Amino acid sequence: MAQEASSSTSSKTISLKTGDGEIFEIEASAAKQMKTVQRLIDDLGDDITIPLHNVFSKELPKIIEYYKKDITGEITKDFEAEFVKDLNDDEVKVLFLAANYLDANKLFEFLSQNIADRLESKSVEYVRKYFGVENDFTPEEESKLREERAWSFRGIKEDE
Amino acid sequence: MEKETRYLPHELIIQILLRLPVKSLIRFKCVSKSWFSLISHPNFGNSHFQLSATQTRRILCIPNSPTKILSIDFESSLNNDFIDFESSLLNNDFALLNPNFSLVSLQIKGSCRGFICLRGSSNLYLWNPSTGVHRQIPLSPFDYELKDYYFGHLYGFGYDQSRDDYLVVSMSCDPTYDSNSSHLEFFSLRDNTWKEIEGTQFPYMNASSHPYPKVGPLFNGAIHWLARRCDLQVYVIVAFDLMERKLFEMPFPDDDNIPTHCDLWVFGEFLSILANDYNNNMIEIWVMKEYKVHSSWTKTLVLPAFHSFDLIYSTKNGDFIGVEGFLGLVKYNDKGKWLGYCSYHRNPRVSQEVMYTESLLSLPGDDDQI
């Protein structure tokens, strides 16, 4: 494999293949922002299609869209709000996991905060379901805990 | 290719939890035993506190015949929008300490990193209203002795970040002032004991206009008080540096026209004096533009006020909240424009209010509360 001077990568694109077999293109400078991808490029070279086993065709385009904006312009609050506007809580979670896998720090931080914002006023039951956590308190224990911190339940709807 | 609930690994859940406000985290302690332990852990509380870009601030009120302690969200629009904190939780925290405990004698002495320092009739208490964590501390040796003079007594509470320690500071001065009767003491939570600072004389008495000596504001790593020098009969500002553990003095503004009823506060980014001119129903706000520089005292704002006005808290950009007479909490912007109010049953002669930050922090040595 010919080793090119890869410092001038401004117009070079990288091919990424998702876990469900679809291929997407991304600019090399955007790929740099995803450390997992960059490591794979370093190992495999930038002419090969990079396999991403844990990212799927539903998420990757959205991630690419984020980093495209990152390298061309500033990511504004408005852009970020728009970016997640039509995503439900589970879709954001999947994106968050993908950002983690790709080691895409900026997106990861943004999505962490977005999930926190979505969960802020949610009920205990919702949070358990969302994270797949089992309730291991007895009914008596739980009701005592709730009573002790009743103020934190004010204004929270118990069912979702 | 259908995915069920994607389980998040523990480290990722923590990344999300660290970004939630305290109220949500307190509620989510009920999710499971492991979440309870995680959120209660001192390391989590510390990380959360460090990370929090915008910490939620609330106002704690002991309104009048104190059967209640109230807590109000500072950011809520205040148009008589009500208090969303049950008093029962708070009473329970204190009932734990002492079955004979009475709220009647409670005085607020300071607020720092989510902890409020309260003086009861026979003990001091540090209390985090968000978590319920509390610690009982003995009164200072000279407070106990000079009980009759305790309205002149100065107390302060702060954090020494060089040692990750909390200090309660006590200054007492016999009003008849003779050279051996002033004492400066501090209680370090880590050392768990009162120590007296020997040497210099500390002829300072509380000069605050309020019936209860006012909370000494924290600024620049020091607790500040408005005091009166018993020997020279003048007003000064006296401050205790929490890292150096030393007292220093700063002069009052040089203006014969300053109304006599004053309080010391942090206004925006400056140390400031709020003076109540009862004769003209006005309040004046003075700021020290350059810390410790006497000549930098500047009068910046004059506002009309119906009754006594006490400043509780101001944000960095200069919005401020105070209490006005019987009205309750009032909020102004940095130009002195009225933004709203929240009234509650308040007796201006005895009610006390303080701002506190919601935090999940623990106190050093916090395995069991006393």
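User: Let's start with the open sheet in chain B: in what order do its four strands run?
Analyst: This is a predicted model, where local features need pLDDT of at least 70, side-chain atom pairs count only at pLDDT 80 or more, and totals for chains, interfaces and linings use all residues. Residues are numbered from 1 along each chain as its sequence is written, chains are lettered from A and ligands numbered from 1 in the order in which they are written, and side-chain values use heavy atoms, with hydrogens and water left out. Strands (E, at least two residues) and helices (H or I, at least four) are DSSP runs numbered from the N terminus, and two strands pair if DSSP finds at least two bridges between them. The pairing in this open sheet is antiparallel, and the order is β3-β4-β5-β6.

User: Which strands of chain B sit at the edges of that sheet?
Analyst: Neighbouring strands here are turned by 20° against each other on average, direction ignored; the axes behind such angles are lines fitted to C-alpha atoms, for helices over the stretch in contact, and angles run from 0 to 180 degrees between N-to-C directions. An edge strand pairs on one side only, and that fits β3 (107–112) and β6 (134–138) of chain B.

User: Which residue of β6(B) does B:Y125 stand opposite?
Analyst: Strand β5 (residues 123–127) of chain B pairs with β6(B) in the antiparallel sense, over five bridges. Across from B:Y125, in β6(B), stands B:Q136.

User: Moving on to charges, how many salt bridges does a search of the whole structure find?
Analyst: Side chains of opposite charge can pair when their charged atoms come close. Here a salt bridge is a side-chain nitrogen of Lys or Arg within 4 Å of a carboxyl oxygen of Asp or Glu. Over all chains, the count is 25.

User: How many residues apart in sequence are the parts that A:R39 and A:D103 tie together?
Analyst: The two side chains meet in a salt bridge, 3.6 Å from N to O. A:R39 lies in helix α2 (residues 35–44) of chain A, while A:D103 is in the loop between α5 (89–102) and α6 (105–119), so the parts they tie together are 64 residues apart.

User: Is A:D70, the salt-bridge partner of A:K106, buried or exposed?
Analyst: A:K106 and A:D70 meet at 3.0 Å, N to O. The pair links helix α6 of chain A with helix α3 (residues 60–72), 36 residues apart. Under 20% relative accessible area counts as buried, over 50% as exposed and in between as partly exposed (1.4 Å probe, protein chains only). A:K106 is partly exposed at 43%, whereas A:D70, at 17%, is buried.

User: What is the relative accessible area of B:E284?
Analyst: B:E284 forms a salt bridge with B:K299, their closest N and O atoms being 3.6 Å apart. B:E284 sits in strand β18 (residues 282–288) and B:K299 in strand β19 (residues 297–304) of chain B. B:K299 is partly exposed at 42%, but B:E284 is buried, with a value of 10%.

User: Which strand gives the most to the lining of the second largest cavity?
Analyst: On a 1 Å grid over the protein atoms alone, a cavity is a set of points where a 1.4 Å probe fits but cannot get out, and lining residues have an atom within 4 Å of a point. Twelve residues line this one, B:W225 and B:L264 being among the closest to its centre. Both β13 (222–229) and β16 (261–267) of chain B supply at least two lining residues. With three residues, the top contributor is β13(B).

How values were computed. 1 Å grid on protein atoms, 1.4 Å probe; cavity = no way out; pocket = protein on both sides within 12 Å on 5 of 7 lines; lining within 4 Å.
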